[in-house]
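Open your viewer, keep the sequence panel at hand, and follow along stop by stop. At each stop you will be told what to select and what to look for.

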Amino acid sequence: MDATSNLSLGDPLEAARKATAEMLQGREPNFSLPQPFYSDERLFQIDMQEIFHKEWLIAGMTCEIPAKGNFMTLQIGSNPILVVRGAEGVVHAFHNVCRHRGSRLCTSEKGKVAKLVCPYHQWTYELDGRLLFAGTEMGTDFDLNQYGLKPVQCKTAGGYIFISLAENPPAIDDFLATLSHYMEPYDMENTKVAVQSTLVEKANWKLVLENNRECYHCNGSHPELLNTLLEWDDVTDPRASQAFKDHVAESAAKWDAEQIPYAHASFGLRNRIVRMPLLKGTVSMTMDGKQGCQKLMGRIKNPELGSMRILHLPHSWNHCMGDHVIVFTVWPISAQETMVTTKWLVHKDAVEGVDYDVARLRQVWDATNDQDRRLAEENQRGINSTAYQPGPYSKTYEFGVVNFIDWYSERMLNNLGSAAAPYLRQINT
């Protein structure tokens with residue numbers, strides 16, 4: 001009996017973990033994953049435990065909590081998380097759980113507070129998580145120092161806030177240093193979110209990522225996006241034309257003149273940064289290719305920066321242009337439901353209705369996101385069929401998908417630990 005059959009027998013979670021490791025070890029390279037990876041609720045729980053609870057995630061942007069006391073909240077599976085700006089500008093992250101009886105501490109998505117006060121019994125915490133007040137009802141021998149908020153690993157770089165629920169998350173400092181260098185021209189601390197969208201897709205989160213990692217489908221699905229986007233990520237792409245390579249060289253000379261970083265930087269399969277020009281004659285991802293915001297970001301003087309593309313697995317891709325930045329994050333809800341958030345950021349002094357029009361700013365990606373939603377949902381419906389079996393990826397058009405699945409498989413096997421030990425030994429030998 002194969003691992004897929006084992007998973008369908010209603011085994012306890014540990015057996016499901018072993019079946020997951022066995023399926024990953026036995027998967028066909030350059031093929032999509034077996035059906036349970038996209039549809040099974042137990043495997044979804046393993047995804048949450050071994051990927052979204054252990055890898056680094058983008059919680060938001062530092063500009064969203066600009067001053068002391070500003071906070072934001074988010075949900076990672078069953079874990080409510082709180083991110084707050086503390087003294088001296090330090091960003092902290094905590095489990096959004098009161099140490100008294102476990103109530104959620106902050107119940108709104110964003111806000112500003114002097115202290116963190118639980119709405120249930122008014123236990124009060126400092127912005128750095130220390131418990132300050134629990135009331136005389138707890139007795140004279142109650143030790144406040146033992147009941148501070150439980151921290152979450154938190155790092156900031158280039159205007160991004162990264163968090164991890166793991167006690168010992170994977171190394172990321174090299175990427176963060178590079179990200180800070182590449183984002184320097186944008187001065188992200190002095191930006192703001194002009195508008196944000198939230199889209200729920202009835203598809204597994206991996207299908208959402210797979211769809212994003214290739215443009216094989218773009219010609220048939222994304223007319224608005226292709227008004228400006230050139231699909232190639234690098235001049236080394238085997239499909240890249242000489243005209244494209246010449247366009248990149250001309251653009252790079254302009255970027256060099258302004259000391260704008262653009263060289264391809266990769267950190268394994270998890271992180272990648274590369275600046276690529278947009279279609280000739282266009283400067284921004286708008287319907288007509290003209291600036292979406294008249295006030296450029298940071299120290300940028302030339303709007304023709306193309307799009308700096310930032311990949312962060314397991315759940316984010318980004319487009320950074322001279323006039324605005326777009327940040328996408330993917331948040332799994334269930335085995336076949338995923339939330340995608342999109343944030344459009346502009347210079348903090350840009351005036352809505354004067355420097356930018358929200359409807360125009362978001363038009364291209366609203367259309368593209370909805371098109372991608374439909375594609376992912378139809379993909380999910382087909383995968384749910386008894387006829388589904390893993391299919392081959394194109395090594396040229398879908399190499400980004402292959403990279404994502406390879407990264408996912410490696411991280412899952414690594415994070416599964418003892419359940420994957422026999423298969424990791426086979427790999428190492």
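**Starting in helix α10**

Select Ile405 to begin: this residue is found in helix α10 (helices are DSSP runs of H or I with at least four residues, strands are runs of E with at least two, and both are numbered from the N terminus). Before going on, please note that this is a predicted model, in which local features need pLDDT of at least 70, side-chain atom pairs count only at pLDDT 80 or more, and totals for chains, interfaces and linings use all residues. Residues are numbered from 1 along each chain as its sequence is written, and side-chain values use heavy atoms, with hydrogens and water left out.

Is Ile405 buried or exposed? With a relative accessible area of 0%, Ile405 is buried (buried means under 20% relative accessible area, exposed over 50%, partly exposed in between, with a 1.4 Å probe and protein chains only). Now show what surrounds Ile405: setting aside neighbours within four places in sequence, its contacts are Arg27, Leu33, Tyr38, Glu210 and Tyr393 (contact means heavy atoms within 4.5 Å). Add Pro29 as well; its C-alpha atom is 9.3 Å from that of Ile405, although 376 residues separate the two along the chain.

**Aromatic rings**

Stay in α10 and select Tyr408, together with Trp205. Why does this pair count as edge-to-face? The ring centres of Trp205 and Tyr408 are 6.0 Å apart and the planes stand at 65 degrees, so the pair is edge-to-face (rings of Phe, Tyr and Trp, the last by its six-membered ring, pair if their centres lie within 6.5 Å; planes under 30 degrees apart count as stacked, over 60 as edge-to-face and the rest as tilted). Distant parts of the chain are linked here: Trp205 belongs to helix α6 (residues 205-212) and Tyr408 to helix α10 (residues 399-416), 203 residues apart. Trp205 is buried, at 0% relative accessible area, and Tyr408 is buried at 0% too.

Widen the selection to Phe37, Phe52, Trp205, Phe404 and Tyr408, which ring pairs link into a cluster. Across the whole structure, a search finds 15 aromatic pairs.

For another kind of ring partner, jump to Trp255: the charged end of Arg275 sits over its ring, 5.8 Å from the centre (for this, NZ of Lys or CZ of Arg must be within 6 Å of the ring centre and within 35 degrees of the ring normal).

**Two helix crossings**

Colour α4 and α10 next. Their axes come within 9 Å and cross at roughly 80 degrees (axes are lines fitted to C-alpha atoms, for helices over the stretch in contact, and angles run from 0 to 180 degrees between N-to-C directions). α4 and α10 are therefore roughly perpendicular (under 35 degrees counts as roughly parallel, over 145 as roughly antiparallel, 65 to 115 as roughly perpendicular and the rest as oblique). On the α4 side, select Leu43, Ile46, Asp47, Glu50 and Ile51; on the α10 side, Trp407, Tyr408, Arg411, Met412, Asn415 and Leu416. The residues of this contact of α4 with α10 divide into seven nonpolar, one polar and three charged (Ala, Val, Leu, Ile, Met, Phe, Trp, Tyr, Cys and Pro count as nonpolar, Asp, Glu, Lys and Arg as charged, and the others, Gly among them, as polar).

Keep α4 (residues 41-52) and bring in α2 (residues 13-26): these axes come within 10 Å and cross at roughly 80 degrees. Here Leu13, Ala16, Arg17, Thr20 and Met23 of α2 meet Arg42, Leu43, Ile46, Gln49 and Glu50 of α4.

**A stop in helix α9**

Select Leu361, placed in helix α9 (residues 358-383). Leu361 is buried, with a relative accessible area of 1%. Not counting residues up to four places away in sequence, Leu361 touches Ala194, Met285, Gly292, Cys293, His324, Trp344, Val346 and Tyr356.

**Loops to finish**

What joins Leu313 and Pro314? A cis peptide bond, with omega about 20 degrees; Pro314 is in the loop between β14 (307-312) and β15 (316-320).

Then visit Glu88, in the loop between β3 (79-85) and β4 (91-95). Its phi is near 55 degrees, a positive value in a residue other than glycine, and Glu88 is exposed at 83% relative accessible area.

Last, select Asp187, in the loop between α5 (173-183) and β11 (191-201). Phi of Asp187 is positive as well, near 45 degrees, and at 33% relative accessibility Asp187 counts as partly exposed.
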